[in-house]
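Q: Please take a close look at one part of this model, then follow its surroundings outward. A plain account will do.

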Amino acid sequence: MADKNIQKPEIVAPAGDWETLTTAADSGADGVYFGIKEINMRYAAGNFDILEIKKVMKHLHERGKKGYLALNVFVYNKELAKVKKILAEAKKSEVDAVIVWDMAVLSLAKELGLNIHLSTQASVANFEAVKFYSSLGVKRIVLARECTLEDIKEIIKKIKKEKIECDIETFVHGAMCVSISGRCFLSQDAFSKSANRGECLQPCRREYYIRDVQEEGKEFLLGKDYILSPRDLCTIDFLDELIEAGIGAFKIEGRMRPPEYVKVVTESYRALVDAYFKGAVSDKLKDSLKKDLSKVYNRGFTNGFYFGTPSDFGARPEKEYEKIYLGEVIKFYKKIGVAEIIVNNGELRVGQEVLVTGKNTPANFAQIDEIEIEHKPISVAAKGTKVGIKLPFEVKRKDKVFIWRKC
C-alpha cells in the first residue's frame, strides 16, 4: 500500500468546449480548466462565453469536480475593464480558482478574494520564487516545464520545511513548446499571431525547405522528424515517482485536443493514480495504459525535462488510429439502449468500432455487434440510411457518430 503521508494528487484535465468539459468530468478528472473567449492561452479553442461560467461551474460542482478559469495571457491596458467583468463573474459563479500570469490580473483577482493559481507562463523554477508568489496570495503554482524531478523535490521539501501554504502542480501529459514555457516568437514573426496571447499557429510543427544559398539547386525538405518541435510529454512510466515527490496536482495539456483524447488520457492517469494508492502499480499496467495513450493524437512520447534536458526528439511514429465522420444520432431509446442514427458519410459495418460525442455527451467508444433497419438485422448500412445500433451508454439527439479504426 502507498505511504499514508503521501497526498493523492489532483488530476486536472483540459476543456476547450462543452464536449471536452463533459468528457473530462465523466472520465475521472478531479478538476477541469477552461478559458473564456479571447483572453486565454488557447485562443483558437471553442472556449466559453463569459455568460457560460455559471453554467460550467454548476455542471462541475454537481459532479463533485472543481473548475479553474484560465486567464493566463498578458493583458493590454484596454482589456482591463473586460478582465474585471470576467473576474466578477468568476467570483459570482464560485470558480474554484483563476489561473493567472499577468500581475494586474493577479491583483484584481486578489481584491475579489478569488483563489489564485500561477500559470506555468510565469516560469517559476525555484523555491524563492514560490515563496514570493505565495506572499502575494497565490495558493498553487504550476512550475516551469523545464524543472527536473530533483528540482521539484527540493522545492516541495523547502515548502514543507518553511510551512508555506502553496501547492505545486506540474504537467504530466501533452504537447510541449519548442521554446521556454511557451515564449516563442515564431508565430508572431511569421503570421502576427502571438503565442503569448494564445494565438500560436504552431509553425514549428510544419514541413520546411532549407535552401543552400552558396550552391544553387541544393534544397532539403525537413518535416519527417520535425526538428523544431518536441514530442509530447508522457509520464505514465514514472508517474509513481511524481506522486512520491509530493506534487499536489497533475495537469494534462490539451484544450485544443478532441473529446476522445481527453477521455483516454484522463482515464489513463486516473487509473494509474488510483492503482498507486491501492498498491497495484505494475509494469504491465503502465504498458497497457501507454498503449491506450498511443491510440489518441500524439507526436510520439518524451519524458520532458523530468530527468534532464530531453534528447529524444527523433522521428515521430505514424498515426495509429483515425476517426471518420459517419453520421449523427436521431433518437435514443433508453429502455433498450438503442440509438437510431443516420449514416451521412461512408458506411457502417458490423464489427466496427464507433466513437460518439456531443455537447452534453461525454466521448465514448462502442463495438457494433448488430445493425438493424426496421427490426431486421443487416451487416452493412450504406450512406443515407437510418439504422438502429445498440450502445452501452446514453446518447442524445444530434450527437456526432464517428468510425474509430486503425489507420
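In which sense do strand 3 and strand 4 pair, and over how many bridges?

A: Strand 3 and strand 4 run parallel to each other and are paired over four bridges (two strands pair if DSSP finds at least two bridges between them). This is a predicted model, in which local features need pLDDT of at least 70 and side-chain atom pairs pLDDT 80 or more, while totals for chains, interfaces and linings use all residues. Residues are numbered from 1 along each chain as its sequence is written, and side-chain values use heavy atoms, without hydrogens and water.

Strand 3 covers residues 66-71 and contains alanine 70 (helices, H or I with at least four residues, and strands, E with at least two, are DSSP runs numbered from the N terminus). Across the pairing, alanine 70 has isoleucine 99 of strand 4 as its bridge partner. Alanine 70 is buried, with a relative accessibility of 2% (buried is under 20% relative accessible area, exposed over 50%, partly exposed in between, with a 1.4 Å probe and protein chains only). Its C-alpha lies 8.5 Å from that of isoleucine 39, a residue 31 positions away in sequence.

Strand 4, residues 97-100, is covered on both faces. Ala97 and Ile99 are buried on one side, and Val98 and Val100 are buried on the other. In a regular strand, side chains alternate between the two faces of the sheet.

The cores come next. The largest nonpolar core has 91 residues, and among these Leu69 and Ile141 touch the most other members (a nonpolar core is a set of buried Ala, Val, Leu, Ile, Met, Phe, Trp, Tyr and Cys residues joined through side-chain atoms within 4.5 Å). Helix 9 is the element that gives the most to this core, nine residues in number. Beyond the four nearest places in sequence, isoleucine 141 contacts Leu118, Val124, Val130, Tyr133, Cys166, Asp167, Ile168 and Glu169 (contact means heavy atoms within 4.5 Å). There is also a second, separate core of 20 residues, with Leu326, Val329, Val354 and Val395 among its members.

Threonine 170 is a residue of strand 7, which spans residues 167-174. With 4% relative accessibility, threonine 170 is buried. Residues up to four places away in sequence aside, threonine 170 touches Leu143, Ile152, Ile247, Ala249, Phe250, Lys251 and Tyr306.

Helix 1 is another mostly covered element: it runs from 18 to 26, and seven of its nine residues are buried. The buried ones are Trp18, Thr20, Leu21, Thr22, Thr23, Ala24 and Ala25. These buried residues pack against strand 1 (10-15), strand 2 (31-35), helix 2 (53-62), helix 9 (259-277), strand 16 (353-358) and strand 17 (361-367). After helix 1 comes glycine 28, with a positive phi near 105°.

Two of the strands that helix 1 packs against, strand 16 and strand 17, are themselves antiparallel partners joined by five bridges. The hairpin between strand 16 and strand 17 passes through two residues. Leucine 355 faces phenylalanine 365 of strand 17 in this pairing. Strand 17 is largely enclosed by the rest of the structure, because six of its seven residues are buried.

Aromatic residues add further links. The whole structure holds 11 aromatic pairs (rings of Phe, Tyr and Trp, the latter by its six-membered ring, pair if their centres lie within 6.5 Å; planes under 30 degrees apart are stacked, over 60 edge-to-face, the rest tilted). One of them joins phenylalanine 238 and phenylalanine 307 edge-to-face, at 4.8 Å centre to centre with 75° between the planes. The two residues are 69 residues apart: phenylalanine 238 lies in the loop between strand 10 (232-234) and helix 8 (239-244), and phenylalanine 307 in the loop between strand 12 (301-302) and strand 13 (321-333). Phenylalanine 238 is buried at 4% relative accessibility, whereas phenylalanine 307 is partly exposed at 48%.

Tyrosine 325 and phenylalanine 402 also form an edge-to-face pair, with ring centres 6.0 Å apart and planes at 70°. This pair connects strand 13, which holds tyrosine 325, with strand 22 (residues 400-406), which holds phenylalanine 402, across 77 residues. Tyrosine 325 is partly exposed, at a relative accessible area of 30%, and phenylalanine 402 is buried at 13%. Back at helix 1, Trp18 is buried and is linked with Phe34 and Phe48 in a cluster of ring pairs.
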